[in-house]
Amino acid sequence: MPIDWKEYNAAGVWDELIAPTGRARPGAGPLRKMLARLSDVELGERQAAANLAIRAMGITFSVYNDESPNAIDREWPFDIIPRLVQRREWEAIERGLKQRVAALNLFIDDIYHEQRVLRDGVVPRAYIEKSREFRPQCVGVDTPNGIWSHVCGSDLVRDHDGAVYVLEDNLRVPSGVSYMLENREVMKRVFPELFQHLAIHPVDDYPRQLSRCLAAAAPDGVETPRIAVLTPGIHNSAYFEHSYLAQTMAVDLVEGRDLVVGDDDCVYLRTIEGLVRLHVLYRRVDDLFLDPETFNEHSLLGAPGLMRAWRAGNVALANAPGCGVADDKVIYTYVPDLIRYYLSEAPLLPNVRSHRCVEKSERDYVLDNLDTLVVKPANESGGYGMLIGPQATKRERERFRRRILANPRNYMAQPMLTLSTAPTWTDGRLEPRHLDLRPFVLSGHERYVTMGGLTRVALRKGSTVVNSSQGGGSKDTWVVDSTATAPRARR
Amino acid sequence: MPTLRTLSRVAESIYWMGRYLERAESTARVVAVNANLLMDLPAGASLGWRPLLDIAGAGDAFDARYAHTDERNVARFLTGDAANPSSIASSTARARDNARIVRGAMPRVAFQYINELYLFVREELAGQPSRSRRGAALDGVARRVQQIEGFLSSAMLHDEKWQFLRLGNHLERADMMTRIVDSLARHPNAGGGFPPFEQVIWRSALQSLYAMQSYLFSTQGQVERGPVLQFLFANEAFPRSYAGCLRSLRFGLRHLPRNVAPARVCERIARRLKAARPQRLDGTALHDFIDDCQIQLNALHEAISITYFHFEPAAPPRGPGEAPA
């Protein structure tokens, strides 16, 4: 049977592909038409083919739970129906992201130098002093071009009214870009005919751009820097990605034990011929595990002395240590102010309305409305430690009330957004499922934004939790030229 | 362009990947060929499946897990039994683990091929496949390994990493060859027994190593103990012979820096081979010679390991400044 779009019902929600009238959104017409030509059996076969390709290509991620001491390697859950973004809308988002990341980098640099932003009272000093992510070891360090967060992954969501908001900025070690790239590879295998007929912008420039961005961070005077990706190792949940990026950039994938920091404060690789100097380290290890001399003394994931080499300017660490100070759900609430403060520009992309629990009136509002709000701790990622008010039990809400009162600085709350949906292949038919979008922004000599990003989709009906560790999947993201694909204008 | 020296850890992983791939293939061949051999020998003239455990050096581990040394148990132990570290299932799993580590050093599709081999073994050799299904699966393992090695040979940059892969391949290949010969040579019919059975046994040695045609072409003679031993040990032109593997090992080492210690072991192995003339050795002497071969190969492994994988590099210069390139 062909897909019956009349049965597809995304009522009350913004659907990315199908408008409430049942017609396609601008630019999505050809895709809707081509999908309609396939029967449910054929679509099921394409989904099976995609799953098979993912298994054979070894596209995996690891999940942890309490029952098993080792991470379990799982195949990457992928939905074959792409998510579309119009080129014109994308260009506006791209400008907004570049603006945001520019301001965030200026903020971090300021925090570790003059702290003008605190002196001028834009951000209260107490937030920074009590931030778990503020690193005194970073004070006074000059990074090339003043860049701290070389790779940023910002999460975008679209509410029921169609407006796009930034939900959070991941400035530390954002992951997911390899899945964005592999999703495209899988789609090309599964739907070759679609790529012939639609003007879909390619995404595969990313590794080259990342490599340029990292080279730009190299210490002064190094012409051909040796670059490496630092991974915690094969059992890390994002190991696939670490390996993927090293491979596509043609650089070494290293572990802490491959590195030696000499008395000369330079970083060396252990090679078959002896020690060889390393200039740029794209580290996918958290700050606190980077250097046992400075942080967690038991860490085996980093290398003793890395911080002293970085402080001496002999190695670039990307992202720089300490940049998590801006990757904090409370600091997030100030980003529009930071854009105005550092760039004297109006913010192009809106934040989600947010309530800071440290302010009494806001806190009272949050405590009175726990059943409608989403409460987030300042320093967690991966969807952990959140309260989703409307879905929580009374007991969970009470637990959060106590937590907020005990440590108000650590919490902020937002209204529950109705994330947009897109058709998703579920049990033999297409149903709307909620999704978000994570584009990646690179900062080097210039800024680069991925064409689209990683679309994450909550595969469970009604769920808005898109994290792969919690039942989320992903879709290929197509930035399409609506000029090339829009229906002919009426005369 | 400056040479990008290979990380010691990566070199070690790629070396082991080469060894495990080769081990999976050899084991598949040995089990398949033994099943054929048994069909050609009358029940009384056969040693059954025990010799295969000797090849793998896993007799004790087997006895600890199985009560009877029969085809069913030995084949299972050597193929799909993940608890046996030298089984095909373990070898392919460890080849894949190492491939995950060095994924970035190979053409992208190489990991997919190795992953497919692993998935194939997991699906086809788990449980108790029938004899014919097992035969097809063993053939599938050998073919997939050959596909991987052929692909890597034709698509991978022939740089240092490639040399480590080949060192792993050839060291394992030489080792397996000596083990196969050792186990067959101990057979009561292997030397001067009843000629038709002697032929069957040495034919199976050649078949395990894909050597039958090469042997016939280069010797133009019968399949007999002496010439077969001469061929399998000393004929450099045959890439799976001991001498052929040795040549490849020496060639590979020439392309690596700091190769003095392992190259010296290679020279020693070559001298001993030349002096021994294995075709003339009788039962015990041959066994002792093969024992020595394995000790030498192990010494070569140690030399490679200490030289390249596990050594304490000279300290970097004190004070600011560039390290030697």
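**Exercise 1. Packing of two helices in chain B**

Task: Starting from the packing of helix α13 (residues 260-276) of chain B and helix α14 (residues 283-309) of chain B, at an angle of about 170° and with their axes 8 Å apart, classify the relative direction of the two helices and describe their contact in this predicted model.

Solution: Begin with the angle, which is about 170°. Angles over 145 degrees count as roughly antiparallel, so α13(B) is roughly antiparallel to α14(B). Next, turn to the residues that make the contact: α13(B) contributes, among them, Val265(B), Cys266(B) and Ile269(B), while α14(B) contributes residues including Phe289(B), Leu300(B) and Ile304(B). Finally, sort the contact by class, which gives 11 nonpolar, two polar and three charged residues.

**Exercise 2. The contact between the chains**

Task: Determine how many residues of chain B and of chain A take part in the contact, and which helix supplies the largest share of the side of chain B that touches chain A.

Solution: The contact takes 32 residues from chain B and 27 residues from chain A. On the side of chain B, the helices α1 (8-40), α5 (88-102) and α6 (108-124) each supply at least two residues, and the largest share, five residues, comes from α6(B). By class, that side of chain B divides into 15 nonpolar, seven polar and 10 charged residues.

**Exercise 3. Two domains in chain A**

Task: Describe how chain A is divided into domains and how many residues each domain brings to the contact with the other.

Solution: Domain 1 of chain A covers 5-347 + 427-485, whereas domain 2 covers 355-415. Taken over C-alpha atoms, the centres of the two domains are separated by 26 Å. Their contact takes 13 residues from domain 1 of chain A and 10 residues from domain 2 of chain A, and the side of domain 1 that touches domain 2 has three nonpolar, five polar and five charged residues.

**Exercise 4. An open sheet**

Task: Work out which strands stand at the edges of the four-stranded open sheet of chain A, and find the bridge partner of Val375(A).

Solution: The order of the strands is β13-β16-β14-β15 (chain A), with antiparallel pairing. At the edges stand β13 (355-356) and β15 (387-388) of chain A; each has a single partner strand, so one side of each is left without a neighbour in the sheet. To follow one pairing, take strand β14 (residues 373-377) of chain A, which is joined to β15(A) by two bridges and runs antiparallel to it. Within β15(A), the bridge partner of Val375(A) is Leu387(A).

**Exercise 5. Burial and backbone geometry**

Task: Decide whether Tyr332(A), Asn145(A) and Tyr210(B) count as buried, partly exposed or exposed, and add what the backbone shows at selected positions.

Solution: Tyr332(A), in helix α11 (residues 329-332) of chain A, has 23 C-beta neighbours inside 10 Å and therefore counts as buried. Leaving aside neighbours within four places in sequence, Tyr332(A) is in contact with Glu168(A), Asp169(A) and Asn351(A); the C-alpha atoms of Tyr332(A) and Asp169(A) are separated by 7.5 Å, although these residues stand 163 residues apart along the chain.

Asn145(A), in the loop between α5 (125-129) and β4 (151-158) of chain A, has 15 C-beta neighbours inside 10 Å and so counts as partly exposed. Tyr210(B), in the loop between α9 (195-208) and α10 (212-219) of chain B, has 14 such neighbours inside 10 Å and likewise counts as partly exposed.

For the backbone, phi is near 60° at Asn145(A), a positive value in a residue other than glycine, and phi of Tyr210(B), also a residue other than glycine, is positive at near 55°. Lastly, Ala318(A) and Asn319(A) are joined by a cis peptide bond with omega about -5°, and Asn319(A) is found in the loop between β12 (316-318) and α11 of chain A.

Conventions
Residues are numbered from 1 along each chain as its sequence is written. Chains are lettered from A and ligands numbered from 1 in the order in which they are written. This is a predicted model: local features need pLDDT of at least 70, side-chain atom pairs count only at pLDDT 80 or more; totals for chains, interfaces and linings use all residues. A residue is buried if 20 or more other C-beta atoms lie within 10 Å of its own, exposed if 12 or fewer, and partly exposed in between; C-beta atoms are placed from the backbone. Two residues are in contact if their C-beta atoms, placed from the backbone, lie within 7 Å. Domain bounds come from an automatic or database domain assignment. Ala, Val, Leu, Ile, Met, Phe, Trp, Tyr, Cys and Pro count as nonpolar, Asp, Glu, Lys and Arg as charged, and the others, Gly among them, as polar. Two strands pair if DSSP finds at least two bridges between them. Axes are lines fitted to C-alpha atoms, for helices over the stretch in contact, and angles run from 0 to 180 degrees between N-to-C directions. Angles under 35 degrees count as roughly parallel, over 145 as roughly antiparallel, 65 to 115 as roughly perpendicular and the rest as oblique.
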